[in-house]
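Q: I am new to this structure. Please take one small part and look at it closely, then show me what lies around it.

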Amino acid sequence: MATFYQEKLDFTTTKEIEAAYEKLLQENIESVRQLEDWLVRVSTLQEEVEEGISGHYIDFQCYSDSETARKQYEFDNEYLEPLRKTYSAKLDEKFLENRFKKDLDIHWYAPLIKRKVNAQDLYREENTRLEVEEDRLSTRYFEITGGLTAEWEGQTLSLSELSPYMEHTDRSVREKAMRLSYEAFGEVKEELQQILSDLIQLRKKKTENAGLSNYAEYMFKEYERFDYTPEDCRTLAASVREEVLPVLSEVQEKHKEKLGFQQYRPWDIQAPAPGEKPLKPFENRAELVSRASSIFEKLDPRFQELIETMDARGMLDLTARKGKAPGGFCSNLPISNLSFIFMNASGVHDDMITLLHEMGHCIHNDFTSHFRLHEYKETPMEAAELASMSMELLTMDHWHHYYQDEKELNQAKRDQFTGVLSLLPIGVVVDQFQHWMYENPDHSEEERLQKFQSLHEKFGTGVVDWDGLEEWRSRSWLRILHIFEVPFYFIDYVIAQIGALQVYKNYKQNPDQALQQYKEALKLGSSVPLPDVYKAAGIKFDFSKETLHELMVFVQDELRQLEEA
């Protein structure tokens, strides 16, 4: 279907891939040098398999209405993924039992050994079949949400294409666009609820098979979260409520005052203030890419070369269209030694941010390509999101390439900081919602709605008026794909945002040093513990109340300067 990825193996059957795995499994290893060479060859095979499977996933996301893409994606999930997981476990066991493991350089290989011991402890053969069904359910979510549309002035638009109207100066237009979006999800709410109910029970079974107490514990092992706990997440949530909400509340109150509305409704949150207009950083795809390229040239020519190479190779699917899955992501293609960016641009400011964010991931992948072991290229999510969220902020000095008008530039920067403030509470809401769901796996759908609404209220500012929209509020999580596809992947955004603010704070004091530290951190991949990656970036892996307080003072000061400019 596409030519941007390489298939080194036959992905139409399991035979060739299974034979390649079996050959490595049967190999005799008679020295520490042979063991190291074997690890590299295992890495190469794993990357060849990953490239094909990732390419097929991208195809399906880009063309979720394509029968060809869907069939290959489903074949991968039903046959190739279980095969990969089974042989990965067998190869891990072979490595861990090898007598020459003790002769390896312990300093270099300790993180690898720790990860393989963890994987061996978690792996259960019976769970690979359950994960086939898990993937099928996630696929169904994307098929449903990717096909959602709304009728707008004689046109059928995807929900992504409605986004510009939610920033319109006319309040009635914003309300209409938001209502259409929520109504589209309302039409499929029962099926999406059932998908999640099925996923929860399936994940409960996986947890029991692994001999663990709840699914959060399972996923913390799956995500290799060795440096913090679910209890730390609860502490972080409390800190966000205490330190961030007062600042966000003040920002929303000021916005409400500027708008002059007695009621500040959900469709007013993104409204331009009087004298402002909706931000439009680009007119078309070409401008979106070329202006980002100009920004990256100022930071590091290597960044610019990367985005231009990706564009030339057809690895940027950026614009919204019908039949395309929602959301945005970056996918690493290790054999091609490049990354692919998927997003749904519709001409709004957030599209610019999304491209800069995803390019942070691509740059991270590029900076880890020097490792011979694929495990060290696979960065933990808290480091991966640090790379992308820091990139949003590090580029701000060069946003004039998108906004030549000084007033619009300041508006864009204010929106960025407001977005940062808004992300932190919703991030902990989604995280704590998932903890509750999997700690209480037999809850009803109605209890689930009630829980989300109560958390949304608890971590809300009280400024936004949801009167009469309680049902919307209670099911607004339906659009968050992470809950369905990558459970517990949301707190990473909160942790990384705290890190990114520290990076930007350093950048404001010493740009060259902060950018160099950022790049040094990216080069580490997962070859060192997560706190060491943050330390290399010149920041602390710390989300205490004290750190949040310091950062909120910094954000308030930045916003004050922009208001006065």
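A: Start with serine 336. This is a predicted model. Serine 336 has a relative accessibility of 9%, so it counts as buried, the cut-off being under 20%.

Where does serine 336 sit? The residue is found in the loop between strand 4 and strand 5. Setting aside neighbours within four places in sequence, serine 336 is in contact with Phe4, Tyr5, Gln6, Glu51 and Arg313. One of these contacts can be described further. The side chains of serine 336 and glutamate 51 are joined by a polar contact of 2.4 Å.

Now step out to the strands. Strand 4 and strand 5 belong to an open sheet of three strands. Its order is 3-5-4, and the pairing is mixed. Strand 3 (316-319) and strand 4 (329-333) stand at the edges. Each has a single partner strand, so one side of each is left without a neighbour in the sheet. From one strand to the next, the twist averages 15°.

Look next at one pairing within the sheet. Strand 3 pairs with strand 5 (residues 338-345) in the parallel sense, over three bridges. Leucine 316 has isoleucine 341 in strand 5 as its bridge partner.

Helices meet this sheet too. Helix 2 (residues 32-62) lies across strand 3, strand 4 and strand 5. The helix runs at about 150° to strand 4. Helix 13 (residues 349-367) also packs on the sheet and touches strand 3, strand 4 and strand 5. The direction of helix 13 makes about 165° with that of strand 5.

A record adds some context. UniProt lists residues 165-551 as "domain: Peptidase M3A/M3B catalytic", in an unreviewed entry. That span is 63% helix and 4% strand. Its end C-alpha atoms lie 33 Å apart.

Last, the whole chain. The chain holds 23 helices and five strands. Of its 565 residues, 58% are buried. Among contacts with a separation of 6 or more, 77% are between residues 24 or more positions apart. The C-alpha trace spans about 75 × 50 × 45 Å along its principal axes. For 565 residues, a compact globule would have a radius of gyration near 24 Å, and the chain agrees, at 24 Å.

Conventions
Residues numbered from 1 in each chain as written. Predicted model: local features only at pLDDT ≥ 70, side-chain atom pairs only at ≥ 80, totals over all residues. Heavy atoms only, no water. UniProt positions renumbered as here; feature names shortened; annotations may be inferred. Helix = DSSP H or I, 4+ residues; strand = E, 2+ residues; numbered from the N terminus. Pairing = 2+ DSSP bridges. Axes fitted to C-alpha atoms, helices over the stretch in contact; angles between N-to-C directions. Contact = heavy atoms within 4.5 Å. Buried < 20%, exposed > 50% of the residue type's maximum accessible area, 1.4 Å probe, protein only. Polar contact = N/O pair within 3.5 Å; in protein donor to acceptor, adjacent residues only side chain to side chain. Rg over C-alpha atoms; globule rule 2.2 N^0.38 Å.
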